[in-house]
Amino acid sequence: MTDGKDILARIRAARAGDPEAASRLLAEHPHGTIPAMARPADPAAALALFREKAQAAGATLAEVRSRQDVPDAVAEFLQRHGLPRELRVGRIDPAMPWETADLKVVVGAAEAADRTGFAEAFRGIAETGTLMLVSGPDTPTSINFLPENHVVLLRVRDIVGCYEEAWNALRADFGTSVMPRAVNWITGPSRTADIEQTLVMGAHGPKRLHILLLREGEETGG
Amino acid sequence: MSGFRDRARTALADPLLQKALRNVPRGFIAKRAKAKAALPEFEQLREEASALKAFTLDNLDTFLATFVERAQTSGAKVHFASNTEEANRIVIDILKKAGVHLVAKGKSMISEETELNTALQRAGMEMVETDLGEYIIQLRDEKPSHIVAPAIHLSRREIEPAFRQAHTELPSDRQLVEKEDFVAEARSILREKFRTADAGITGANLLIAETGSTVLVTNEGNGDLSSTLPRIHVVLASIEKVVPTLEDATTILRLLARSATGQEITSYTSFFTGPRRPGDVDGPEEMHIVLLDNGRSEILAGPFSDILKCIRCGACLNHCPVFGAVGGHAYGGVYPGPMGEVLAPALHGIGKVSDIVDACTMCGRCAEVCPMGIPLPSLIRRWRMEAFRQAQVSPVQRLGLKVWAWLARHPHLYALAMRIAMPLLKFALRWKELLRRIPGLSAWMAERELPPPQGRTFTAMWKAARRKRP
C-alpha cells in the first residue's frame, strides 16, 4: 500500500517543472481559444443558438412567460406524450402552483417509479445547447437521470455563449475553486451507438428532454 | 504464445467481424470529419490542448498534489495505487468494509487495465457493467475491442443469443430485431441493478486540480446513475488524467467528443466533487478516488512520455488501416490500435508485446487525427528500434534488416543491387501464380499485391532528370 509519496517523488524526479508557473495557472485559470460560434453577438443571438443546438441534440423546447405558467406547460408536455400527471420535483416553489394544472408532485430524490422529473437549470450554454445543472438540497441529481422524461426550466437571461462564461457564473455563486457536489452538463436526451455504431435514443437516462424557456418579462428578443 | 500475426489472420478470416468493421468509415470517421469541419478553431484548440497537457506533465507533481488536497477537502477519500494488484486490493477493501454485494460499473479502461472484474468476482462480489457496449461483452465473456465502443466488433446477430441466454425472465417469443429492441431490453434489466446496487464504480476522463473534481463523459447516462444512486462511489483513474483548471478541461472537452464520435459534446458531461453534502437528499455517502500509477511515473521520465497526453478518444483506432482490417482483439491487450502500440509496451515491457509494434504501415493518419498532437508513428518506430535492440526480432528478420542497413549505407552497391534485382523481379512476376506456390512466399503473397517494377529505378530517373536541367 502506498500513500502516494513515492509516486509523487518519482514524478518529481522525472520532470523538474515550474511550481510557481503551475500555481499561477491554478490561481488565474486563463481560458483557451473560445470558438467564434460560441460568442454570440447579443442575448437574442445566444437564445437562437441555444435553441438550434439543443434541438439538434434531440431536445424539445417551449416558452413560458412566468413561473405561474410553468405547471400548464408541463401538463401540456405530459399530455402530448400520454404520460401520467405526476412529477418529481426538487422543491416546492410557491410561484409555481402545480395544483392549478391538476398535477401531482412529489418532492425529493427521484425513485425508480417516477416517470417525469422537473428541474431548474443553473445556466444554459448556447455553444452546444447544453444545460448546466448543479446539485444541492433543492436540486437532487437523481432527477436528471432516473425518470424517463426530464423537463428543465431555464431562464432566458441565464443563457450564456460558452462554457467559460458558465464557469465564471459558477465561481461567482459558489466561490473560487468550490464546486457543488455534482455539476451536470446535459445536451439532449440519453443515447447510445454501441450497437453497430447507429444512434438509438433513450439508453439509461431520460428518453425525452424538454426545455422550458422562461422569459420573465425581460427585454431579450429572439 | 499466440502472437499478433496469428490473431490478425483469424480476424481477417472472420466474416462477421469484417462486416462489423466495415461500419467504421461511415460511422466514426465520417462523423469526426464533419465535426472538425464545423469548427474552424479545431487546429488551434489541438495545439493548445497539446501544449497545456505538456505543461501539465511537466508539473504533474504540483497538479496531482493539488488535486488530491482539494478532493480531500471536498470529503472524497483519495488512494494511490502503484500497480494493478494494489488498485484492485484497495477497491475490494473499500467495498468489503462497506458491506457491498452488488456493484454497478460504468465504463473504465483503467478497470480493464487492472482486470478489476476478475478480482471482484474472486472476492465474491456481483458486478454488472452498465455501459451498453460493456454489458454486451460482459454477457459474452469477452474483452472490449475498442476503447470508446467496446462492442464495435459485434453485430446484432451475435448479440441476440447473448441477450436471450442471460435474460431468461423475459418472454422467449419477444422480438429482438431492431437496435431499439436491444437498447430497451438492456435498459429495463439494468434499471433494477442501478436501483439495488450498493456501490458504483466509474472511470474518469479528466481530473481537475483546481477543484478536486473528477469528470465523466458519457452518452447513455449509465455513469451518472452509477455514481449518484449507490451509497458508495469509487472512481478509478490513472495519474496522468489530471488537468490544471476548469478552463483547461473545457479546451480538452471541445476536442474529445468531436474526435471520438463526431458529436460536438456528448449527452452528459459530469463533474463530481466529493460525497453527498449536508442537506442533500441524494448522492453517494462515500466517494473514493483510486489513482493508479502502474508505471506511468516512469514513462514520464522516458522517450514515450507523449503517450501520457492521450485522452482515449479512439480517433487513432478509427483511422488506422490495420485496426480497420483486424479489429481490436488482434492486439491481444487492453489498448489496441496506434495508441495501444505505444502504451502497451510502455506498460508491460516491449519483450511481452514486441509483435504489436509491427502492426503499423507508418501511414501517419493517426498522428493527423490525434487531438492531442501525439506523434504516434514516431513513437511506434522508436519501439521497433527498441525491440531490435533488445533482440525481440526474429533472427531471420534481424539478418534481413542488417543486410538492408548495410546496403543502404553503401549507395553505389545499393544502386547496383537494385539495377540487377529489378529486371529479375519483373521477369519473375510474370509467373505470379507460380510464385504463390513457393513455400515461404505463398503466405506472404496471399495477402499482398506485388506490382512488377515499371521502367528504371528511382535513382536512375532522378539522375537523368538532373542531367536534363541546364
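User: In this predicted model, which residue of β9(B) is the bridge partner of A:Asn184?

Analyst: The bridge partner of A:Asn184 in β9(B) is B:Ser270.

User: What makes β9(A) and β9(B) a pair of strands?

Analyst: Pairing requires at least two DSSP bridges between the strands. Here 5 bridges join β9(A) to β9 of chain B, residues 268–272, so the criterion is met. The two strands run antiparallel.

User: Which elements of chain A give two or more residues to the side that touches chain B?

Analyst: In total, 65 residues of chain A are in contact with 82 residues of chain B. The elements giving two or more residues to that side of chain A are α1 (5–14), α2 (19–28), α5 (142–145), α6 (163–174), β9 (182–186) and β10 (191–192). Of these, α1(A) gives the most, with 7 residues. By class, this side of chain A has 30 nonpolar, 25 polar and 10 charged residues.

User: What makes B:Val290 a residue in contact with B:His79?

Analyst: The cut-off is 7 Å between C-beta atoms placed from the backbone. B:Val290 is in contact with B:His79, therefore their C-beta atoms lie within 7 Å. Leaving aside neighbours within four places in sequence, the other contacts of B:Val290 are B:Ala81, B:Ala87, B:Ile90, B:Val91, B:Val234, B:Val235 and B:Leu236.

User: Which residues touch the most other members of the largest nonpolar core?

Analyst: B:Val290 and B:Ile307 do, in a core of 190 residues. Helix α13 of chain B, residues 246–260, supplies the largest share, 8 residues. Domain 1 (1–38 + 299–393) and domain 2 (41–294) of chain B each contribute at least three residues to this core.

Terms used:
Residues numbered from 1 in each chain as written. Chains lettered and ligands numbered in written order. Predicted model: local features only at pLDDT ≥ 70, side-chain atom pairs only at ≥ 80, totals over all residues. Contact = placed C-beta atoms within 7 Å. Helix = DSSP H or I, 4+ residues; strand = E, 2+ residues; numbered from the N terminus. Nonpolar A, V, L, I, M, F, W, Y, C, P; charged D, E, K, R; others polar. Core = buried A, V, L, I, M, F, W, Y, C linked by C-beta atoms within 7 Å. Buried ≥ 20, exposed ≤ 12 C-beta atoms within 10 Å, placed from the backbone. Domains from an automatic or database assignment.
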